[in-house]
Amino acid sequence: MTDVTRTRRAPRTGGTGTAARGRRRDGPAKGAAGRQLHGGKLTYAVLTLFTIGSLFPLVWTAIAASRTNTRLAQTPPPFWFGGNLFKNLEIAWTDANMGTALLNTLVVAGTVTVGTVLFSTLAGFAFAKLRFRFRGLLLLLVIGTMMVPPQLSVVPLFMMVAEFGWTDQLQAVILPTLVSAFGVFFMRQYLAEALPTEIIEAARVDGAGSLRLIWHVVFPAARPAMAVLGMLTFVMAWNDFFWPIIALTQGGEPTVQVALAGLGRGQIPDQSVIMAGALLGTLPLLVAFVLFGKQIVGGIMQGAVKG
């Protein structure tokens with residue numbers, strides 16, 4: 001009996017040893033939950049090259065802003081910082097009325113971002129989960145507006161703004177962009193997958209009204225997508241130039257892009273001052289990404305894990 005037992009147990013012991021040796025050869029990071037994966041040297045080299053390429057325009061802007069217009073016109077161009085950075089920043093700040101422009105742009109971009117995220121989430125939830133007549137047709141109409149070039153709507157939009165007496169006022173830039181067709185479609189596609197219908201029905205059974213349902217069910221489920229949409233909308237609103245240059249003037253209530261359009265004018269445009277103004281207009285975006293980038297990426301990853 002002892003020999004038979006040993007004979008029967010031998011394959012299990014050998015198999016366990018083989019599996020253990022296989023796991024040791026494969027390494028502990030393969031399929032191990034909670035382990036941090038590390039890339040190879042080639043991965044880090046490629047990421048370093050992409051990082052340098054991405055930062056080069058910003059670094060070159062700072063270098064050009066620290067030089068004189070004469071030095072920028074020479075060949076080869078400068079590749080290191082000069083001593084005129086603060087002087088050029090002061091000229092750009094004064095000539096472009098950059099303080100007012102930055103404040104106006106912050107108001108416009110912040111209001112447009114909040115409005116777009118809020119209204120797009122509500123409309124996306126309605127198209128994704130509510131049942132009403134002509135839902136598909138209305139969604140097609142919303143998507144169809146994305147195919148119309150914005151240049152075609154400039155003339156009637158400006159006539160409407162002039163009729164209301166909003167020319168050279170911030171509401172002329174804010175109100176036409178409080179909601180976007182892309183935002184509605186984006187939120188509709190996200191909520192259709194991320195928000196189960198059973199949760200909505202359970203909330204209804206528990207007596208939740210529409211406002212409570214939206215606040216306690218829809219918004220928490222849509223938070224990652226709202227973070228992405230808010231980030232994209234804020235950047236687009238901050239950098240918008242086409243419609244603000246038509247609706248606003250440099251001497252009234254300009255945004256950053258409108259104010260920068262008047263920099264360096266003359267027979268020979270002063271490129272160093274223009275670069276200094278561009279640097280001033282870019283710094284708030286960099287500060288925003290540094291302060292809130294971790295929260296935005298965390299929200300995106302949280303939604304990816306939950307999905």
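This report walks through the overall fold of the chain, then looks at one buried residue and one surface patch.

The structure is a predicted model. Its chain contains 14 helices and zero strands, so reading along the sequence gives an uninterrupted α pattern under the definition of helices and strands used here. Of the 307 residues, 30% count as buried. Among contacts between residues at least 6 apart in sequence, 69% join residues at least 24 apart. The chain exposes about 19800 Å², and carbon and sulfur atoms supply 67% of that area.

Let's start on the inside, with Ser272. This residue is found in helix H14, which covers residues 271-306. How many ångströms span the polar contact between the side chains of Ser272 and Asp270? The value is 2.6 Å. Leaving aside residues up to four places away in sequence, Ser272 touches Ala64, Ala65, Arg67, Thr68, Asn69, Leu72 and Asn88.

Now to the surface. Leu130 lies in the loop between helix H5 (98-129) and helix H6 (135-144). Together with Phe132, Phe134, Leu137, Leu138 and Leu141, Leu130 makes a nonpolar surface patch of about 550 Å².

The two residues can be set side by side:

| Residue | Relative accessible area | Class |
|---|---|---|
| Ser272 | 1% | buried |
| Leu130 | 32% | partly exposed |

Why does Ser272 count as buried? Its relative accessible area is 1%, and buried means under 20%. Leu130, at 32%, is partly exposed because its value falls between the 20% and 50% limits. Patch residues need over 30% relative accessible area, and Leu130 has 32%.

Definitions and conventions. Residues are numbered from 1 along each chain as its sequence is written. This is a predicted model: local features need pLDDT of at least 70, side-chain atom pairs count only at pLDDT 80 or more; totals for chains, interfaces and linings use all residues. Side-chain values use heavy atoms; hydrogens and water are left out. Patches are made of residues with over 30% relative accessible area and no salt bridge: like charges are joined within 9 Å, nonpolar side chains (Val, Leu, Ile, Met, Phe, Trp, Tyr) within 5 Å. Accessible areas come from the Shrake-Rupley method with a 1.4 Å probe; for residues, only the protein chains shown count as cover. A salt bridge is a side-chain nitrogen of Lys or Arg within 4 Å of a carboxyl oxygen of Asp or Glu. Helices (H or I, at least four residues) and strands (E, at least two) are DSSP runs, numbered from the N terminus. Buried means under 20% relative accessible area, exposed over 50%, partly exposed in between (1.4 Å probe, protein chains only). A polar contact is a pair of N or O atoms within 3.5 Å; within protein, one must be able to donate a hydrogen and the other to accept it, and residues adjacent in sequence count only if both atoms are side-chain atoms. Contact means heavy atoms within 4.5 Å.
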